[in-house]
Amino acid sequence: MASKVELKPVLKKFMPSIDDDTLDYFQSMVDTDAVTASSLKEALAPFIESYGYASSLEEAEQMCEEMLAHISGLKETVDEDDESPARLQRTVNMSDVAKTQLSAEEQAQVETLWGFENVRKKRNTVMEFNEAQSSKMERKAQREQRKWLEDLESQFVGEEDNNEISTMMLPDFSAGHREKDIHVHNFGITYGGKTLLEGADLKLVYGRRYGLIGRNGVGKTTLLKHMANFDIEGFPRHHRVLHVKQEVKSSTMSVLEVVLDADVERKALIAREKELLELQSTVADNQQEKVMQEMADLQERMAVLNVSSAESRAASILAGLQFSEEMQKASTDSLSGGWRMRVALAAALFIEPDLLMLDEPTNHLDLEAVLWLENYLKGYEKTVLLVSHDRAFLNDVCTDIILFDKLKLTYYRGNYDMYFATRRELEIVQQKQHEAQKTKIAHMQEFVDKFRFNAKRASLVQSRIKAIEKEIVVDAVEEEEHFTFSFFDAGQLGRPIIQIEGVTFGYPDKDGRQRNPLFRDVHLGIDQTSRVALVGPNGAGKSTLLNLIQNKITPWEGIIRVNPQLRIGIFTQHHMDSLNLAISPLQNMMNIYPHATEKSRVAFASLTFGKPHIVIMDEPTNHLDMGAIEALIDALKAFTGGVLVVSHDQHFITNICHELWMITDRRVVRFEGSFDDYKKVVLRGIRSKK
């Protein structure tokens, strides 16, 4: 036995014409921690004979013994009782030695050299299996993390101060920084013991509008909260940063007062101004200059924030979000949750922060309000970061897209459609590179396996092994899981399916009198080929008309004729309200349909299971992610029945509907033109009110 030795000089002495790569290859085949005559003979004798340095195997083995004698400092270890080499009791399998006596790293090296079966398998079928298993396990881990994050964040709902309609901290100008861009390098976020971002970069250029996208539960809302609270190390604190919460708390304050009260910096400036005015009449003469200077600085800041025009600006924003003058004066406790969300949004726009962060801002808005918000944000001169599943909204508003995925933030220039096209092109290139690399490695491995024991090609084998090891693996493109569902074929009914004849309806006034109808003398029809979007300003009566068709309320005048065999499927923004979240999806289905055995997303399952001839939808895309929205669009495109929908989602409308019913001036009429034409009409009205 000997200590670890360098064999290459000895090998070079006995085989002077062998190149260095081959010598490295020979040395790697011998355990230099325990060089013996038998190990040299077993590893090198066949090659010595093959290269012509010995005329027979016996002569090659003799040369190996001579090599051993020339190894500096090497002394062969023998038993005390028997100095002759010990004869093995059984044949030694080198793969068994590798498994039982070597470290993991050494085992991998030996297996590569000796061509054990598992090496070849790993380069072929096992490698492919491992890729599939790894991808499957990664997707499972991502699903578990998303569910964990959603559950964890839901535990904090209600724990925050609902008196605040947004998260905003006063900026800190003490450091003297004034740069407007935001750059934070190599930061991470850990939430509840889970890593959401690691080694990520945050890059926001002042004046640009960013859409933050990613799978549900990946941590988008958590990122916005950390930014708003300055909880990210290195995040600049001199910015006015605001993150809109879901809705305001009910209170006796008027809507306008709540919006004005939301700007904490404005409130602080006004309070300090009052204090300084009082100080001017009481402070000593030698302090007057100091007070006057502070007052000048304060008024300069108030001018930057447009404090003097605060009330008119707040009223204008509220009007754009469909608040009438009467509603602006009403207390927030008279509003529904959806309207209180609009108050929160109005307050955020009123504050005009340096960084405005909006989380699903369109969920509680009607189409007209969404179009107004789009127009407003496109003219916003500061930085916007928003989370939204409304594809058309992202297209119209965003100048950049940020993808939150795999613990990183990846940046794309352009709107959502441009991001989608760019990413698709990059994935095509990546997949081609993966396939090419896979073919290249397989070809090199085939050469290694074929000529591993061919002494004349040993240098070529070694060079290919090194080339394989140096390859930087290009991963296969991971296919995202796509949710799909479909409607049952309900069969065709004879006409008319639904016929609206001379219908007039409104709600009684305080005295119970029927005075001002929402709409009058409506004449329209729906059949199984209809694809209708019902449009009009908030409060015009869109949801009311849907309720009339469902026979939930009775018209003042006229009649709605419905085929007695008709089955209607209903899907509304409040579909979750009817589900018991304490029981499983299957149990919910069993409660809705006692004989149901479908396991699917309960809302869609309950919609399709009744085999409807007509589907009526009221803001169906609220709270759905992009994948679910696309699944709904695909299902409705293949649906053989009629569709009547109220929605603010422009992408959804343009993909499903080819007819618009517009409620205007107390009438319900067919709009002559496309959805884009209707959009232009609404935008002209918005601009005319400025």
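## Salt bridges, sheets and a buried helix

Let's start with the charges: the count comes to 20 salt bridges, where a salt bridge is a side-chain nitrogen of Lys or Arg within 4 Å of a carboxyl oxygen of Asp or Glu. Keep in mind that this is a predicted model, in which local features need pLDDT of at least 70 and side-chain atom pairs count only at pLDDT 80 or more, while totals for chains, interfaces and linings use all residues. Residues are numbered from 1 along each chain as its sequence is written, and side-chain values use heavy atoms, with hydrogens and water left out.

Here are three of the pairs.

| Acid | Base | N to O distance |
|---|---|---|
| E65 | K41 | 2.6 Å |
| E265 | R240 | 2.4 Å |
| E630 | R391 | 3.9 Å |

Take E65 and K41, whose closest N and O atoms are 2.6 Å apart. E65 sits in helix α4 (residues 57–70) and K41 in helix α3 (residues 37–50), so this bridge ties together parts that are 24 residues apart in sequence. Helices here are DSSP runs of H or I with at least four residues, strands are runs of E with at least two, and both are numbered from the N terminus. On accessibility, buried means under 20% relative accessible area, exposed means over 50%, and partly exposed is in between (1.4 Å probe, protein chains only). E65 counts as partly exposed at 34% relative accessibility, and K41 is partly exposed too, at 23%.

Next come E630 and R391, which meet at 3.9 Å, N to O. This pair links distant parts of the chain, with E630 in helix α23 (residues 626–638) and R391 in helix α17 (residues 391–397), 239 residues apart. E630 is partly exposed, with a relative accessible area of 27%, whereas R391 is buried at 19%.

### Around E265 and R240

E265 and R240 form a salt bridge at 2.4 Å, N to O. E265 lies in helix α11 (residues 264–280) and R240 in the loop between α9 and β5 (241–244), so the pair ties together parts that are 25 residues apart in sequence. Both E265 and R240 are buried. They also belong to something wider: salt bridges that share partners join R240, D263, E265 and R301 into one network.

L305 comes into this picture as well. It is found in the loop between α12 (285–304) and α13 (310–320), and it is buried, with a relative accessible area of 11%. Leaving out residues up to four places away in sequence, L305 touches R240, E265, L269 and R313, where contact means heavy atoms within 4.5 Å. L305 and E265 are 40 residues apart along the chain, and their C-alpha atoms are separated by 9.1 Å.

### Helix α9

How many of the nine residues of helix α9 (residues 220–228) are buried? Seven are, so α9 is largely enclosed by the rest of the structure. The buried ones are K220, T222, L223, L224, H226, M227 and A228. Just after α9, F230 takes a positive phi of about 55°.

### Two sheets and helix α20

Now for the strands. An open sheet of six strands has the order β14-β15-β16-β12-β17-β18, with mixed pairing; two strands pair if DSSP finds at least two bridges between them. At the edges stand β14 (568–572) and β18 (667–670), each with a single partner strand, so one side of each is left without a neighbour in the sheet. From one strand to the next, the twist averages 20°. Strand β17 (residues 659–664) and β18 run antiparallel and are joined by four bridges, with T664 standing opposite R667 in β18.

Helix α20 (residues 542–549) packs on this sheet, touching β12 (531–535), β15 (614–618), β16 (642–646), β17 and β18, and its direction makes about 150° with that of β15. For such angles, axes are lines fitted to C-alpha atoms (for helices over the stretch in contact), and values run from 0 to 180 degrees between N-to-C directions.

Another open sheet has three strands in the order β11-β10-β13, with antiparallel pairing. Its edges are β11 (519–526) and β13 (557–562), each with a single partner strand, so one side of each has no neighbour in the sheet. Neighbouring strands here are turned by 15° against each other on average, direction ignored. Strand β10 (residues 498–505) pairs with β11 in the antiparallel sense over five bridges, and I498 stands opposite I526 in β11. Helix α20 turns up again here: it lies across β10, β11 and β13, running at about 125° to β10.
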